[in-house]
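Q: I am new to this structure and would like a close look at a single part of it: the salt bridges. Could you walk me through them and what surrounds them?

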Amino acid sequence: YTTDTKSREENKKTLENLYSLSVDITKIRRLKEWVLLQDVAYVKEIAGILQEMGADETTVANIIERCPEAILHTPAEINSQRALWQLVCHNEKQLIKLIEQFPESFFTTEYQQNQKANILFFQELGLKNNIITRFLTSAPNIFYNPVEKNKNVIETLQRNYLNLGGSEANMKIWILKLLSQNPFILLNTSTAIQENLEFLQKNDFTDQEVLQLLSKLKGFIFQLNSTTMQKSMLFSKNIFKCSDQELKQLVLKCPALLYYSVPVLEERLEGLLKEGISIAQIRETPMVLELTTQIVQYRIKKLSALGYDIKSGNLESLNGTKKDFEVTYGKIQSKKERPIFNPVAPLHIE
C-alpha cells in the first residue's frame, strides 16, 4: 500500500464496526493506520467467522488489534484458510488458539494453493500434524514455496544421506528429525546444500563424520556457505594452535566452531578469557563456545557463590542447556551442603 495516507480520511464505517467490537483503535493507528484508510473492509464478517470458531469478544478484539489487515480479507479467503488449517488442527478450539497466538501466519492468504500442496506433501512424508501446525505458525514462509521446490530439497537430502553411507531403513527417521528440528532448511536451494557437503568432504571429513555433523548441527549447516565455514575453521586453528587433524576433532566435538562466524567466536572467546579461563581449558571443552557471553557470566557467578573455582577445574560444569546446568548446579550444591561424616570413626562421648 503506497497511498499517501495524509491526503486520505479514515473509513468511518470501519471505525464504527471496530468500536462495536471493543477494538482498541489507537493501537491500530499506531501500528498500521493504512488499514483504517481502505475503502472496503470486512470487519463484521471476519469477526463473525472467528466467533463461529468459538472466539469470544475479547479474543476477536485481540486478534484484530494484533493483525489489523485481517479485516481487509474477504470472508471467502478466510473460510478457505480455515478449511486449510483444519487439515492439521484437531478441532476449531485449537485453531482459534493458534490464530490468537499467530494471527499474521493465519491471515497470509496469498499462497493458499502452495500451502495446501505443501501440507499434503508433509503429511505424505510422515510428519505428524502437530509438527506441521508448528511449521505453519513459526515458519510459515516454507509453505509459500511451490511444493516442487520443497520436494527437490528433500530429495537432495535423501540422496546425500544414502551417498554418505546412511541406511535406507533410517533415512525417513533422519529426514523427519532434521525437518522438525530446523524446517528452515527448506528455504535453501539444493545447490547450496550440495556445495556445503562437498566443502566438508574437501576438508577431509569422512562420510561418516559428515553424517555425524549433519545430525549434530540440526540442519544449520545448510544455511552456511563455504566461505564463512573456511574463515571460522581458520580462526579456530590459529587460536587453538592445532593441526588439521586436531581441528577436525574439535569441530566434531563442537560443530559451533563451523557454524558461528568469526566475530561471534571472537566475542565469546574474549568473554571467557576475561573470566580468567585459559585457552587450554577452552580447547579441552570447546562446547562452551556454544553459550553466549551473558549465559557464561551468569553460570560462573552462580558456581562461584558455591565456592566452585572455574579457573582451576574443567569447564564441563558450564556446559549444556539450562536444564543440564541446573542439574550440575544442584549436584555441586548438595555436595557442598552434605556434612562430612565418617561412619566407621569412633564417637567421642563423655
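A: Let's start with the term itself: a salt bridge is a side-chain nitrogen of Lys or Arg within 4 Å of a carboxyl oxygen of Asp or Glu. Before we count them, please note that this is a predicted model, in which local features need pLDDT of at least 70 and side-chain atom pairs count only at pLDDT 80 or more, while totals for chains, interfaces and linings use all residues. Residues are numbered from 1 along each chain as its sequence is written, and side-chain values use heavy atoms, with hydrogens and water left out.

Searching the whole structure turns up nine salt bridges. One of them joins the side chains of Lys27 and Glu65, at 3.4 Å from N to O. This pair ties together distant parts of the chain, since Lys27 sits in helix α2 (residues 25–32) and Glu65 in helix α4 (residues 57–66), 38 residues apart. Helices here are DSSP runs (H or I, at least four residues), numbered from the N terminus. How open to the outside is each partner? A residue is called buried under 20% relative accessible area, exposed over 50% and partly exposed in between (1.4 Å probe, protein chains only). Lys27 is partly exposed at 32%, whereas Glu65 is buried at 10%.

A second bridge joins Glu52 to Arg82, with their closest N and O atoms 3.1 Å apart. Again distant parts of the chain are linked: Glu52 belongs to helix α3 (residues 43–52) and Arg82 to helix α5 (residues 75–85), 30 residues apart. Glu52 is exposed, with 57% relative accessibility, but Arg82 is buried, with 12%. These two also belong to a network of salt bridges that links Glu52, Arg82 and Glu92.

Further along the chain, Lys248 and Glu209 meet through their side chains in another salt bridge (3.1 Å, N to O). Lys248 lies in helix α15 (residues 244–253) and Glu209 in helix α13 (residues 207–216), 39 residues apart. Both ends are buried: Lys248 has a relative accessible area of 8%, and Glu209 has 13%.

Now for the surroundings of Lys27. Its helix, α2, has α1 (residues 12–20) as a partner; the two axes come within 10 Å and cross at roughly 130°. Axes are lines fitted to C-alpha atoms, for helices over the stretch in contact, and angles run from 0 to 180 degrees between N-to-C directions. Angles under 35 degrees count as roughly parallel, over 145 as roughly antiparallel, 65 to 115 as roughly perpendicular and the rest as oblique, so α1 is oblique to α2. Leu15, Leu18 and Tyr19 in α1 meet Ile25, Ile28 and Arg29 in α2, where contact means heavy atoms within 4.5 Å.

The loop between α1 and α2 holds Ser22. Although not a glycine, Ser22 has a positive phi of about 60°. Most residues other than glycine have a negative phi. Ser22 is partly exposed, at 47% relative accessibility.

Lys241 offers another case, with a positive phi of about 45° although it is not a glycine. Lys241 is found in the loop between α14 (226–240) and α15, and α15 is the helix that holds Lys248. At 70% relative accessibility, Lys241 is exposed.

Notes. Helix = DSSP H or I, 4+ residues; strand = E, 2+ residues; numbered from the N terminus.
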